[in-house]
Amino acid sequence: MRILLAIDGSESSVQARDMIASLPWPEGTSITVLTAYELPVSWVSGVAVTGGDWMETAENDLRRQLTEDLAELARPLEGRGWTVERRVVDGRPGTLILEVAREIEADLIVLGSRGHGTMRAMLLGSVSAEVSGNADRSVLVVRGDRATRLLVATDGSDCASAIPGVLGEWGVFRGLPAIATSIAPVDSPAYELMVSLYTLGAAPLDQQRKEQLEAHRRHAESMAEALSEIGLQAEPVVGAGDAAHELVKLAGEREADLVVTGSRCLHGIERWVLGSVARNVVLHAEASVLVIRRPQKAGA
C-alpha cells in the first residue's frame, strides 16, 4: 500500500495525519508525507522579481523550517512497521500533489479539507477539490481524525462497483458499520408538466419513478451485500432527490463520518461534468470524503 499524505501544519491536515495513523494499514505500507511551498514574488517598479541573493537566503531558511516542522508532524506515523518518507518541494501545491502521486504510484492521496496552518506552506482547502477532481487514483479529503461509520454511495456503475474491491484490498475498515445507499433522481417540475400535457396524465411518469426507485434499491442492496462480504456491517438505504444533496444529508442524519463514493471513469471535461456528484460531496459534506478510483496503468 502506497499513501501520499499532503500536510501543511493546519488543524485539518493534522487530522488527516491522525486518521491515517488510526487505521490498521499493513506492515510495509509506504507513506510519503509531503508539503509544498511557492516562493513569494516581490514587485519592484511594476516588475516581478523572483531571484537574487535575498531570495535564495529566504528560500533556504523556509526549507529548513519546513523540513524541521515536517519531521515533527510525521513522527506519529513512525515506529508502526510503515516506511515513512518526508518531502519538502517548491511549486504549485495542487499540481505537485498529483505529480508526486504519479511518481510514487500512490494508491491513495490524503489531504485536509482546509489549510494554511503554522507551516504557512500549502493552502490545502484551496486544492482539495482540485486534487479530488483531477486525480487518477483514490483521494481522501479529511474532516475528522477517525472513521467509525461509513456511508457508501453507488449508482450501479462499474466505477461504483469497484468500491468494495478497493476497500477489501486495503482492509482497514473491516468490522465498521456501513450504510450502502443509492439515490434515485427526481424529475424537475417542468419535466413533470411536459409529460402530463403530452400523455394526458402522469401514469407513465409514475411508472418510470417506480422502476427507477426499484433499480436504485437493487443497487443499494447489491452494494450492502458486497460490503458485508469484505467484513463491513452493511445495511442498504435507498433515497430520492439530488444525489449530492441527499448524500450529505444522509451522512448527517446517520452520523457517518466517512462518505465513500466512486467517480466516473472518464477524462477531461467529461469527468468534471459527470463526476460532479463526487465533487459536490467533497465540497459540502461535513464528514470526510473518500473518492475511489483505481490508478491508471502506464500506457492505458
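Let me start with leucine 167, which in this predicted model touches Leu150, Phe173, Leu227, Ile230, Val260, Leu290 and Ile292, leaving aside residues up to four places away in sequence. Leu167 belongs to the residues that touch the most other members of the largest nonpolar core, a set of 44 residues, and the others named with it are Leu150, Trp170, Phe173 and Leu290. Apart from that core lies another one, of 37 residues, and among them are Val131, Leu151, Val237 and Val291.

Now to the helix that carries this leucine. Helix 6 spans residues 163–170, and its buried residues are Ile163, Pro164, Val166, Leu167 and Trp170. Viewed down the axis of helix 6, these buried residues fall within an arc of 165°, and so they line one face of the helix. After helix 6 comes glycine 171, which has a positive phi, near 70°.

What does the sheet look like, in terms of strand order and pairing? It is an open sheet of 10 strands, ordered 5-2-1-6-7-12-11-8-9-10, and the pairing is mixed. Strand 5 (83–90) and strand 10 (233–240) are the edge strands, each of them pairing on one side only, and from one strand to the next the twist averages 20°. At the strand 5 edge, strand 2 (residues 30–37) runs parallel to strand 5 and is joined to it by eight bridges; threonine 35, for instance, has valine 88 in strand 5 as its bridge partner.

Finally, helix 6 packs on this sheet, where it touches strand 6 (108–112), strand 7 (138–142), strand 8 (150–153), strand 11 (258–262) and strand 12 (288–292), and the direction of helix 6 makes about 110° with that of strand 12.

Terms used:
Residues numbered from 1 in each chain as written. Predicted model: local features only at pLDDT ≥ 70, side-chain atom pairs only at ≥ 80, totals over all residues. Heavy atoms only, no water. Core = buried A, V, L, I, M, F, W, Y, C linked by side-chain atoms within 4.5 Å. Buried < 20%, exposed > 50% of the residue type's maximum accessible area, 1.4 Å probe, protein only. Contact = heavy atoms within 4.5 Å. Helix = DSSP H or I, 4+ residues; strand = E, 2+ residues; numbered from the N terminus. Arc of directions from axis to C-beta. Pairing = 2+ DSSP bridges. Axes fitted to C-alpha atoms, helices over the stretch in contact; angles between N-to-C directions.
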